[in-house]
Amino acid sequence: MTLGRVVALVGVVVYAFLWVLAANGVSNLVAPLVIPAVLVFLIWAGVALERFIGITPHRPKFPERSDPDEREDDS
């Protein structure tokens with residue numbers, strides 16, 4: 001497993017544990033725990049709608065740089 005997947009898995013486990021605590025009486029955790037779930041649902045619904053309509057995903061375009069260590073001046 002990559003580090004990113006491990007971190008995501010740990011995050012999901014911690015989130016589930018907090019929901020278990022909320023279900024067992026820590027009622028002040030419910031509102032903060034609902035917010036990420038609603039955001040995930042809204043993002044999922046938006047992506048599903050884009051795929052249903054047939055909109056192709058946008059890929060960011062970055063300019064090619066000749067030297068990766070070269071810094072651009074804003075002056």
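**Notebook: two helices and a nonpolar patch**

I began with the accessible surface of the protein, which comes to about 7300 Å², with 67% of that area belonging to carbon and sulfur atoms (areas come from the Shrake-Rupley method with a 1.4 Å probe, and for residues only the protein chains shown count as cover). I noted that this is a predicted model, in which local features need pLDDT of at least 70 and side-chain atom pairs count only at pLDDT 80 or more, while totals for chains, interfaces and linings use all residues. Residues are numbered from 1 along each chain as its sequence is written, and side-chain values use heavy atoms, with hydrogens and water left out.

Next I looked up burial, and found that 3% of the 75 residues count as buried (buried means under 20% relative accessible area, exposed over 50%, and partly exposed in between).

**Helices**

I found two helices and zero strands (both are DSSP runs numbered from the N terminus, helices being H or I with at least four residues and strands E with at least two). Helix H1 covers residues 3-23 and reaches 30 Å from its first C-alpha to its last, close to the 30 Å expected (the expected span is 1.5 Å times one less than the number of residues). For H2, I saw that the end C-alpha atoms are 34 Å apart, which agrees with the 34 Å that its 24 residues should span at 1.5 Å a residue. Just after H1, Gly25 takes a positive phi of about 120°, and just after H2, Gly54 takes one of about 100°.

**Aromatic pairs**

I then looked up ring contacts, and the structure holds two aromatic pairs (rings of Phe, Tyr and Trp, the last by its six-membered ring, pair if their centres lie within 6.5 Å; planes under 30 degrees apart count as stacked, over 60 as edge-to-face and the rest as tilted). Tyr15 and Trp19 form an edge-to-face pair, 6.4 Å centre to centre with 85° between the planes. Because they are four residues apart in helix H1, Tyr15 and Trp19 are separated by about one helical turn. Trp19 counts as partly exposed because its relative accessibility is 32%. The ring centres of Phe41 and Trp44 are 5.9 Å apart and their planes lie at 35°, so this pair is tilted. Trp44 has 57% relative accessibility and therefore counts as exposed.

**Nonpolar patch**

Last, I looked up a nonpolar surface patch of about 860 Å², whose members include Trp19, Val34, Phe41 and Trp44. Helix H2 (residues 30-53) gives the most to the patch, with eight residues. Val34 is found in helix H2, and at 34% relative accessibility Val34 counts as partly exposed.

Methods:
Patch = residues over 30% accessible without salt bridge, like charges linked within 9 Å, V, L, I, M, F, W, Y side chains within 5 Å. Salt bridge = Lys/Arg side-chain N within 4 Å of Asp/Glu carboxyl O. Buried < 20%, exposed > 50% of the residue type's maximum accessible area, 1.4 Å probe, protein only.
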